[in-house]
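Got the viewer open? Here's a short walk through the structure, one selection at a time.

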Amino acid sequence: MNTTYNFSAGPSMIPKDILTQYKKEFYNWRNLGASVIEISHRSVEFMKVVEECEKNLRFLMNIPSDYHVLFFSGGARGQFSAIPMNLTKKNQLTDYVCSGYWSNAAFEEAKKYCLPQRINVIKHNNNRINILPFSEWKLNKQSSYVHYCPNETLEGIEIKEEPNFLNKIIIGDFSSTILSRRIDVSKYGLIYASAQKNISSSGVTLVIIRKDLITSKKKLVPSILDYNIAIKHQSMFNTPVTFSWYLAGLVVKWLIKQGGLEEIEKKNEIKANLLYEKIDTTDFYINNISKKYRSYMNVPFYLKNEKLNKAFIKEALSFGLYALKGHKIVGGIRASIYNAMPIEGVKKLINFMNYFEKKYK
Ligand SMILES: *Cc1c(COP(=O)(O)O)cnc(C)c1O
């Protein structure tokens, strides 16, 4: 068996069925004699892709009708700026809950546009990383929204429970957990995600925003990040990243065919638990995040003997396990197991971990 499995954190694996389909139709899409990347975003055919993508996404995520579904360029980092630019005035207080690298990055960017308050929710006890319960998050009474990151992609920390702060607008950076499980969209003011983890190739950025948060035009928002303009132009004020949008449409359809998010969630839970069980049965591998907050999408771990890291990554590759190197900021190993990763890939990784442990213990 020579299948290689791709554990990249992003851009990351796309379901094989979809790669096969796109390869098949790439040169002559819908019999137009042209590729989907060669046609106008305003053509009847492409508009249909866009409409279907939104319709299917609304169905898949159960998005209420009082929410806009928008697509931007500029990634999640673009939204780090767009959110405070669109939703705050200068000197307005906002809460930025920090649980890792990405939520900190959002906080740092927000400083340019409003007065974000940093709320640390990480707590270490007995060498384990924990997250404070919601009731202990020290939110400011006057803040206009609460921003948090439900899945920290680098650290592998996931907050799976949904926050329920009365009278607070909740904004979530769902980049690495969107579509991996069911979420109650109505709990949020704004949900956003860059595409390259669980939606598509890099390019489009999904923004789901409750309609009443859209207020009058703000003067200083660049047009391509302006929510009012995006709504008015159906996310096509400038030329959108058509390929990534098209691919997102295929992924959403694929997820519906898999049985929707309830089924996907079950599979993801099984995959992640298999891997964490392996890590926990030995002291050769270490993951020090408290069980409740372990990510189902990004599974980081360390080798007790860190000198073996390089050998692990190299031998894993020759075993057919690609991109297991942890992010340079945290080091170690990271297996990203998004929706597209089949359980066989996880099992193959576990087999390799067993083999490697025997060899070097
Ligand atoms: C990848 C990632 C980002 C950055 O996305 P870009 O598209 O590179 O801007 C932000 N937040 C989280 C949680 C991510 O995983």
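**Two domains and where they meet**

Start by colouring residues 17–257 as domain 1 and 260–360 as domain 2, which is how the domain assignment splits the protein. Keep in mind that you're looking at a predicted model. If you drop a marker on the C-alpha centre of each domain, the two markers sit 27 Å apart.

Next, select the residues in contact between the two: you should pick up 29 from domain 1 and 25 from domain 2. Together the domains bury about 2,600 Å² between them, and carbon and sulfur atoms give 54% of that area. Now show R128, L154 and R182 as sticks. No other three residues supply more of the area that domain 1 buries against domain 2; this trio accounts for 22% of it.

Time for the charges. How many salt bridges cross the interface of domain 1 and domain 2? The rule finds two. For a salt bridge to zoom in on, pick E161 and K292, whose side chains meet with an N to O distance of 3.4 Å.

Then switch to polar contacts: 18 residue pairs make them between domain 1 and domain 2, counting pairs with both residues at pLDDT 80 or more. Staying on the side of domain 1 that touches domain 2, highlight α2 (44–61), β6 (128–131), β9 (157–158) and α6 (242–257), the elements that each give two or more residues to it. Linger on β6, since the largest share comes from there: four residues.

Finally, colour that side of domain 1 by residue class, and you'll get twelve nonpolar, nine polar and eight charged residues facing domain 2 in contact.

Technical notes. Residues numbered from 1 in each chain as written. Predicted model: local features only at pLDDT ≥ 70, side-chain atom pairs only at ≥ 80, totals over all residues. Heavy atoms only, no water. Domains from an automatic or database assignment. Contact = heavy atoms within 4.5 Å. Buried area = accessible area lost by both parts, 1.4 Å probe. Salt bridge = Lys/Arg side-chain N within 4 Å of Asp/Glu carboxyl O. Polar contact = N/O pair within 3.5 Å; in protein donor to acceptor, adjacent residues only side chain to side chain. Nonpolar A, V, L, I, M, F, W, Y, C, P; charged D, E, K, R; others polar.
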